[in-house]
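Hi,

Here is the structure I promised to pass on. Have a look at it first, and then read my notes below.

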Amino acid sequence: MQTASVSVRNWLAVVAAMIFLMIVLGALTRLTESGLSMVEWKPVTGWLPPLGDQAWQAELQKYLSSPQGRLVNRGFDVADFKQIFWLEYLHRLWGRLIGVAVALPLLWFWLRGQLSPWLKPRLFALLVLGGLQGALGWAMVASGLVDRPSVSQYRLAAHLLLAIVLYGYTVWLVLELGSAPRRDDPKIRREASGMIAFLLVVVTFGALMAGLRAGTAHNTFPTMSGYWIPPGMFDLSPWWINPFENGTTIQFIHRWLAKILVLGVIVLAIRTRRPETLAAGAMALVQLGLGIATILSGVDIALASAHQAGAVLLLTTLLVVRHRAAASPSRPLSAIVGG
C-alpha cells in the first residue's frame, strides 16, 4: 500500500507549529484589546495594510465609528490606532498564511500521488476546518461591532476551541505518520482521552473568563479575595446563566476544574512512570504555575499569553500519551512514513 513520504509529515509539523503561533498571537491580540481595530472582513483582498496617510485616516475613521472607537478610544489619533491595528493585522495575515501553507502543499502532494486514500479525506477536512475557523473569527469580531465594545464571550470561546481542535487534529496526524513505538494499554488510553476532553472544558471556561475580563475580579490564591466560596456567585437571574455570564462564578469553576485536571495528570504520571506521562505531569505543573502567576499579576499580558500557550502544550503531551497507548496498526496504512 502506498505510504506517505517524510516530507508530508514534516509539512504537517510546520502547519501545527504555525497554528500554535496563531493561538499565541490570538491571546496577545485579545489581551491588548486589538481585535476590534479592523472593522471589515476582506478575506481575499484584505491582506494589504493601509498605504499612505489618507488610507490610514480612512481606516481610523471606520474604527472610530465602531462601539470600541466611540466608547473606549474616541481620542485616538493615527499613531494610537497603529498600536492596536498592527497586531490584529498580523493575526489575520498569519491566518491567511496558514491557509496557503495547507492548501498549496496539499495540492502538490495530491497531484504527485504521495497521499494514500486514508490520508486524503483527513487532510481535506483540515483545509475545510481552517476555512471555517476564519469565518468563525470574523463572526466573533462582528459581535463587538454592533452595540458593545467587546466581543461575545461565547463566540470567543468557540473560536479558541476550534483553533485548539485544529492544532490537536494536526498533531494527531503527525503522530499517526510517525513510527514511534506503541504499547496497547486500554486503561491509559481511556484516561488520556478523558483528560483531553476535560482539558477542553477547562479551556472553555478560561475563554469565557477572558471574554468577560473576569481574570481581574479576584487576584489572590488559593482563595478568591479571601473567600473559598466567594459571594456573588449566583447574583444573576435565572440562576443557570451564572456559570456562563457571571465572572466570579466562571473564575471559580475554571480554578477548580484546572486543579482537578492537574491532579489527574500527576496521578497518571506517578502511577505509570512512562516518559510521555511524566512529561505530561511536568507540563501540568508548569501550566498550574502559569495560571496562578496570571491571577496574582492581575492578568499580565506576557503571563496570560504563556498560560494560553501552556494549555496547548499540555494538550500536546496528552495527545502523545493517548497515541503511545494505542495499538500499532496491523498493516502500514498511510500512517506509516515511507522513505
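Before the pocket notes, one bit of bookkeeping: Ala, Val, Leu, Ile, Met, Phe, Trp, Tyr, Cys and Pro count as nonpolar, Asp, Glu, Lys and Arg as charged, and the others, Gly among them, as polar. On that scheme, the lining of the second largest pocket splits into 10 nonpolar, 2 polar and 6 charged residues. Keep in mind that this is a predicted model.

That second largest pocket has a volume of about 290 Å³. It is lined by 18 residues, and Lys42, Gly46, Leu48, Pro50 and Glu59 are the closest to its centre. Two or more lining residues come from each of helix 2 (53–64) and helix 4 (78–111).

Now for helix 6, residues 153–176. With 24 residues at 1.5 Å each, helix 6 should span 34 Å, and the 34 Å between its end C-alpha atoms agrees with that. Helix 6 is largely enclosed by the rest of the structure, because 17 of its 24 residues are buried. At its start, a side-chain oxygen of Ser152 comes to within 3.2 Å of the backbone nitrogen of Tyr154.

One more residue to look at is Arg182, in the loop between helix 6 and helix 7 (186–211). Is Arg182 buried or exposed? Its relative accessible area is 16%, and the cut-off for buried is under 20%, so Arg182 is buried. Its side chain makes a polar contact of 3.1 Å with the side chain of Glu176, and another polar contact, also listed at 3.1 Å, joins the side chains of Arg182 and His323.

Cheers

Notes. Residues numbered from 1 in each chain as written. Predicted model: local features only at pLDDT ≥ 70, side-chain atom pairs only at ≥ 80, totals over all residues. Heavy atoms only, no water. 1 Å grid on protein atoms, 1.4 Å probe; cavity = no way out; pocket = protein on both sides within 12 Å on 5 of 7 lines; lining within 4 Å. Points joined across faces, edges and corners; volume = space filled by probe spheres on them. Helix = DSSP H or I, 4+ residues; strand = E, 2+ residues; numbered from the N terminus. Expected span 1.5 Å × (residues − 1). Buried < 20%, exposed > 50% of the residue type's maximum accessible area, 1.4 Å probe, protein only. Polar contact = N/O pair within 3.5 Å; in protein donor to acceptor, adjacent residues only side chain to side chain.
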